[in-house]
Amino acid sequence: MIPEQTTALAGQPGQPGHGLFTVGSPVTSWTVRTALPVDYQVRFAPRLLAADNPALATAGLPAGPRRQRRRRMLLVVEARVHELYGERIHAYCEAQQLDWSCCVLLAHEQVKTMESVFQVVEQLDRFGLARRGEPVIAIGGGVLTDIVGLACSLYRRSTPFVRVPTTLIGLVDAGVGAKTGVNFGRQKNRLGSYHPAVETLLDPTFLATLDLRHLSNGLAEILKIALIKDGRLFETLDRHGERLLADRFQTPGDTSAEVLVRAVNGMLQELQPNLWEKELERSMDYGHSFSPTLEMRALPELLHGEAVCVDMALTTVLAQRRGLLDAAQRGRILSLMRRLGLPVHHRLLEPGLLRDALTDTVRHRDGRQRLPLPVGIGSGCFVDDLTARELALAATDLREAAAPASTSARAAA
């Protein structure tokens, strides 16, 4: 059994009194080692806003009798989600006899800043939130849950929260990990913390009201997992992706569930052994080497997943030029991106931006590129020797390949 917290406290070797408190030999140096187990739950929870469903009312509470008690609840809901689901959220809280308050927050990439975090903190203070027993409920997309997560990590140094992602990118990516973050200046997620939600509730029925562009945006993160670690997922997307997009993942059957479950499972498989990112070679960084710089410079033109897809298209060309995949595989990948409504190129993808992006990525990865590239479809490797010339040639190849269907961003449906 692992204790909740274990601590070793001792004088340094070679110091007077090391390991002993000896009269006349005072200890003047200590090393503190501590281990605190972290666990959180991610689960599918259909019909989340049904009046008789206790999942949301009890989310984040300890198991046992206490989990069923009436409690106070502070909800932070993204503005557009409140427009669509506000009446149902309010009716749910009343049906569950909750003492509740709802904070409606505008949340998109351009307001993903500390000012938005401070707005949430003000609401936490005004509500008089208990420190441990009243987890905050965050309902919205990845930007909203990132803002609330960071606010909760700072408030009283650690306040629990529950994620209810309402976008596809939230369901399979932003909602399942440990990271929170906001932008600083032109730098994406430069300020943040590791503060996982105590519970994440995944309800795909929220996708029914999501426009097609934002569904495509989330499909980019699913495609990331398919390309770098799950060839079967790629084949499923290749066969059924356009239908899943058109149906907004609402058609009953196994395909929709399989895609979502494989995406969430693939993400968590990669995150769990390296939750705090001590190891900087991370396969889930695929598509995230050049996209942070591209996304921030293109705002508000590109969504996050769209920038990630352009990054993946570029690294697909890089991989093909290195012989890591063949021309037919490259063609299949770029074709699927287009069929999923995603851009494969952007006008800002020029040598200056790519140089700046790679420089920032090297800093972020502690002085090395650690650049993920696909090996075939469904596997990957890391490289540290990418040159500016190689990158420029790949960008030129991609521009030529994208020319017939080039678009900077897909129009919203």
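This passage describes surface patches, a buried strand residue and salt bridges in a predicted model.

Two patches were identified on the surface. The first is a patch of positive charge, in which R131, R132, R156 and R157 gather. Of these residues, R131 is placed in the loop that runs between helix α2 (114-127) and strand β6 (136-140). The relative accessibility of R131 is 41%, and the residue therefore counts as partly exposed, given that this class lies between the limits of 20% and 50%. The second patch is nonpolar and is formed by V38, Y194 and W276, which together present about 270 Å² of accessible area. V38 is likewise a loop residue, located between β2 (30-35) and β3 (41-44). With a relative accessible area of 42%, V38 is also classed as partly exposed.

The surroundings of I139 were examined next. This residue belongs to strand β6, the strand that follows the loop carrying R131. I139 has a relative accessible area of 2% and is accordingly buried, since the limit for that class is under 20%. When neighbours within four places in sequence are set aside, the contacts of I139 comprise L75, V76, V77, E78, V81, I89, L144, V164 and T166. A further relation concerns T167, which stands 28 residues from I139 along the chain; a distance of 10.0 Å separates the C-alpha atoms of these two residues.

Salt bridges were then considered, of which the structure holds 33. One of them joins the side chains of K188 and E295, with an N to O distance of 3.2 Å. Because K188 is part of strand β9 (residues 187-194) and E295 is part of helix α8 (residues 291-298), this pair ties together parts that are 107 residues apart in sequence. Both partners are buried: K188 has a relative accessibility of 15%, and E295 has a relative accessibility of 2%.

A salt bridge also links the side chains of E270 and K229, at 3.4 Å from N to O. Here the pair connects two helices, since E270 lies in α7 (residues 254-271) and K229 in α5 (residues 212-229); the parts so tied together are 41 residues apart in sequence. E270 is partly exposed, its relative accessible area being 29%. K229 is partly exposed as well, with a value of 26%.

In another pair, the side chains of R321 and D397 form a salt bridge with an N to O distance of 2.7 Å. R321 is found in helix α9 (residues 304-321) and D397 in helix α12 (residues 388-402), so that parts 76 residues apart in sequence are tied together by this pair. The relative accessible area of R321 is 39%, which places the residue in the partly exposed class. D397, at 22%, is partly exposed too. Beyond such individual pairs, K179, E277, R282, D285 and R365 are joined into one network by salt bridges that share partners.

Notes. Residues are numbered from 1 along each chain as its sequence is written. This is a predicted model: local features need pLDDT of at least 70, side-chain atom pairs count only at pLDDT 80 or more; totals for chains, interfaces and linings use all residues. Side-chain values use heavy atoms; hydrogens and water are left out. Patches are made of residues with over 30% relative accessible area and no salt bridge: like charges are joined within 9 Å, nonpolar side chains (Val, Leu, Ile, Met, Phe, Trp, Tyr) within 5 Å. Accessible areas come from the Shrake-Rupley method with a 1.4 Å probe; for residues, only the protein chains shown count as cover. A salt bridge is a side-chain nitrogen of Lys or Arg within 4 Å of a carboxyl oxygen of Asp or Glu. Lys and Arg count as positive and Asp and Glu as negative; His and the chain ends are not counted. The place of a charge is taken as NZ of Lys, CZ of Arg, CG of Asp or CD of Glu. Helices (H or I, at least four residues) and strands (E, at least two) are DSSP runs, numbered from the N terminus. Buried means under 20% relative accessible area, exposed over 50%, partly exposed in between (1.4 Å probe, protein chains only). Contact means heavy atoms within 4.5 Å.
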